[in-house]
Amino acid sequence: MNSEALANLASRGGRTVNMPYWNRISVDSEVLSMTGALNPTPVTARADVAAINFRAAAWSIRELASAIAGDSALAAIAEMVAEYWVRDEQKVLVSSLAGAFASPGMSGHVFGAANPGALNAEMVLDAKQLLGDVFGQLHAIVMHSAVYTSLQKQDLITFMRPSTGARIAEYLGYDVIVDDSVQYDEAGKVFSTYLLAEGAIGRGDGTPVDMTPVEVSRSALLSEDYLITRKALIMHPLGIAFTGAVVSGESPSNAELRNPVNWNRVHENKNIGMIEIKHTIQ
């Protein structure tokens, strides 16, 4: 979920941002009485914490290379930047999911860890039941390309075509997102596939003071042009606070996002719209 509020928080600077939320109201109603007073239940708050991921990427091209190719390499790179950052942000997201789900407080959101079997419809339906009566909020499924191909071979992937004309892959009614950076235990051939609710991931792309998002420079002596891009990105699984217990740099690397020590569940289970399925493929 792209959030203007999170974008504003990312623009303020710092290494992390606090995102307070109110605990769910879940007490039963009281029977009104002519004489007795109501018993108010205190409404309490907790703080979710998200990391600001400071990331950058730079490309260079020699002027002579463009002259030989007969085309502007720098212009070609510029056209690919947006696609590059989409892929890179997915890696940040998947790394965060891997670390968050491996933290002790998220064990109630993991299905199949004890005995992973081949992914099938029954397994997905049993997994979504971990959310109880709020399972309906789940809308997307994130999987490795090998899992996607396995489901294709079984003719289980369907497609819908919205008014935009783009085809959207679906599995059991969930929108399919394919990313090879999802957890995969190559030795045991065990994959992680994620069910996500709409709004389960908070995203904000900010511009802190003195950070230049896009910059072009040139070395005349080398006849070389440079394209530099920078981001202050929040890509956070809502409800699991980033503790930053083990971070060596100014912001976490993907490997550090995968470290479960850096995560701690703060929301109630039903308020976290995410499920991890541990499984093999046929």
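A residue is called buried when its relative accessible area is under 20%, exposed when that area is over 50%, and partly exposed in between, with a 1.4 Å probe and protein chains only. By that standard, 41% of the 282 residues of this protein count as buried. The model is predicted, so that local features need pLDDT of at least 70 and side-chain atom pairs count only at pLDDT 80 or more, while totals for chains, interfaces and linings use all residues. Residues are numbered from 1 along each chain as its sequence is written, and side-chain values use heavy atoms, with hydrogens and water left out.

The protein has six helices and 16 strands, both taken as DSSP runs numbered from the N terminus (H or I of at least four residues for helices, E of at least two for strands). Its C-alpha atoms fill a box of roughly 90 × 50 × 40 Å along the principal axes.

Inside, the largest nonpolar core (buried Ala, Val, Leu, Ile, Met, Phe, Trp, Tyr and Cys residues joined through side-chain atoms within 4.5 Å) has 46 residues, and those with the most contacts inside it include Leu 97, Val 176 and Tyr 194. Helix α3, residues 73-102, gives the most to this core, with seven residues. Apart from it lies another core, of nine residues, among them Leu 6, Leu 9, Ala 232 and Ile 234.

Contact here means heavy atoms within 4.5 Å. Leaving aside neighbours within four places in sequence, Val 176 is in contact with residues including Ile 141, Met 143, Tyr 148 and Glu 170. Across the protein, of the contacts with a separation of 6 or more, 75% are between residues 24 or more positions apart.
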